[in-house]
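Here are my notes on the model you sent, set out as numbered points so that each can be checked against the coordinates in turn.

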Amino acid sequence: AAAPAAPSSTAAAPAPPLPTRKLAAAETAESKRETGADPGGAALRRIMKEITDAAQHNFPMTQVDDDPFRYVARFTAPTQSLYSGGIFQLSVTFPSNYPFKAPTVRFQTKIFHPVVNPDGRICMGLLTDTWSPACTMTRIFQALNAVLLDPGAYKDEFIFAHASQLITDDNDEFCRIAREWVVKYAS
């Protein structure tokens with residue numbers, strides 16, 4: 001049996017390690033592909049496009065504290081609704097993986113409505129279980145218009161117990177309080 005050969009000075013040196021910066025960038029890109037998150041790219045481009053589109057449909061949105069994912073929307077109630085004359089402020093927070101996850105939309109202005117709880121949370125399928133990346137902010141605002149036009153039509157989404165009970169048991173009192181809140185908080 002022959003003895004193992006001594007290392008040759010002409011043998012190939014091991015390959016140098018990959019530069020750390022390139023490896024980290026590749027891992028970050030791979031992570032974004034896996035999660036759908038791209039806070040510096042596609043999500044922001046989509047948000048900017050939707051802000052422009054919403055403004056063209058009379059749903060202006062203003063950025064909050066230079067945060068490209070947080071906005072305040074000015075929402076004017078439909079004139080044919082019980083909430084006519086009301087101008088409502090809504091907070092809109094986009095997730096970093098938008099549009100693959102729905103934005104969080106809340107009323108900042110108090111509103112007496114069965115699908116909006118006292119802290120402003122909106123129970124609307126479009127913002128939860130029926131969300132689709134094809135949905136837009138303009139579509140969300142149009143759906144809110146429909147909710148304000150017919151507050152009793154969305155019984156499966158009622159979350160504000162007092163308003164829900166009144167709209168079912170004493171619609172005149174519901175309407176009185178809703179109008180009172182529009183004058184008091186949304187004028």
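1. The chain holds 5 helices and 4 strands, and, read from the N terminus, these elements follow the order α-α-β-β-β-β-α-α-α. Please keep in mind throughout that this is a predicted model. Of the 187 residues in the chain, 39% are buried, and among the contacts with a separation of 6 or more, 55% are between residues 24 or more positions apart.

2. The largest nonpolar core comprises 49 residues, and those with the most contacts inside it are Met61, Tyr83, Phe94 and Phe141. At least two residues of this core come from each of helix H2 (42–56), strand S2 (67–76), strand S3 (87–93), strand S4 (104–107), helix H3 (137–149), H4 and H5, with the largest share, 7 residues, supplied by H3. Phe94 is a useful residue to inspect here: apart from its neighbours within four places in sequence, Phe94 is in contact with Ile47, Ile51, Met61, Phe69, Tyr71, Pro103 and Met137.

3. Helix H3 deserves a point to itself. Its 13 residues, at 1.5 Å a residue, should span 18 Å, and the C-alpha atoms at its ends are indeed 18 Å apart, so the expected and modelled values agree. The buried residues of H3 are Met137, Thr138, Ile140, Phe141, Ala143, Leu144, Asn145, Val147 and Leu148, and what covers them includes H2, strand S1 (61–64), S2, S3 and S4.

4. Helix H4 (residues 161–169) packs with helix H5 (residues 171–185) at an angle of about 135°, their axes lying 5 Å apart, and the two helices are therefore oblique to each other. On the H4 side the contact is made by His162, Ala163, Leu166, Ile167 and Asp169, and on the H5 side by Asn171, Glu173, Phe174 and Ile177. Sorted by character, the residues of this contact are 5 nonpolar, 2 polar and 2 charged.

5. Tyr185 lies in helix H5 and, with a relative accessible area of 32%, counts as partly exposed. Where does Tyr185 make contact, once its neighbours within four places in sequence are left aside? The residues in contact with Tyr185 are then Thr109 and Lys110; Thr109 is 76 residues from Tyr185 along the chain, yet their C-alpha atoms are separated by 6.5 Å.

6. The loop between S3 and S4 contains both Pro99 and Phe100. Tyr98 and Pro99 are joined by a cis peptide bond, with omega about 10°. Phe100 counts as exposed because its relative accessibility is 56%, above the 50% cut-off. Although 57 residues separate Phe100 from Ala43 in sequence, the two are 9.1 Å apart in space, C-alpha to C-alpha.

7. Two backbone torsions should also be checked, since most residues other than glycine have a negative phi. Asn58, in the loop between H2 and S1, has a positive phi near 65°, and this residue is exposed, with a relative accessible area of 62%. Asp65, in the loop between S1 and S2, likewise has a positive phi, of about 50°, although it is not a glycine; Asp65 is exposed as well, with a relative accessible area of 67%.

Conventions
Residues are numbered from 1 along each chain as its sequence is written. This is a predicted model: local features need pLDDT of at least 70, side-chain atom pairs count only at pLDDT 80 or more; totals for chains, interfaces and linings use all residues. Side-chain values use heavy atoms; hydrogens and water are left out. Axes are lines fitted to C-alpha atoms, for helices over the stretch in contact, and angles run from 0 to 180 degrees between N-to-C directions. Angles under 35 degrees count as roughly parallel, over 145 as roughly antiparallel, 65 to 115 as roughly perpendicular and the rest as oblique. Contact means heavy atoms within 4.5 Å. Ala, Val, Leu, Ile, Met, Phe, Trp, Tyr, Cys and Pro count as nonpolar, Asp, Glu, Lys and Arg as charged, and the others, Gly among them, as polar. A nonpolar core is a set of buried Ala, Val, Leu, Ile, Met, Phe, Trp, Tyr and Cys residues joined through side-chain atoms within 4.5 Å. Buried means under 20% relative accessible area, exposed over 50%, partly exposed in between (1.4 Å probe, protein chains only). The expected span of a helix is 1.5 Å times one less than its number of residues.
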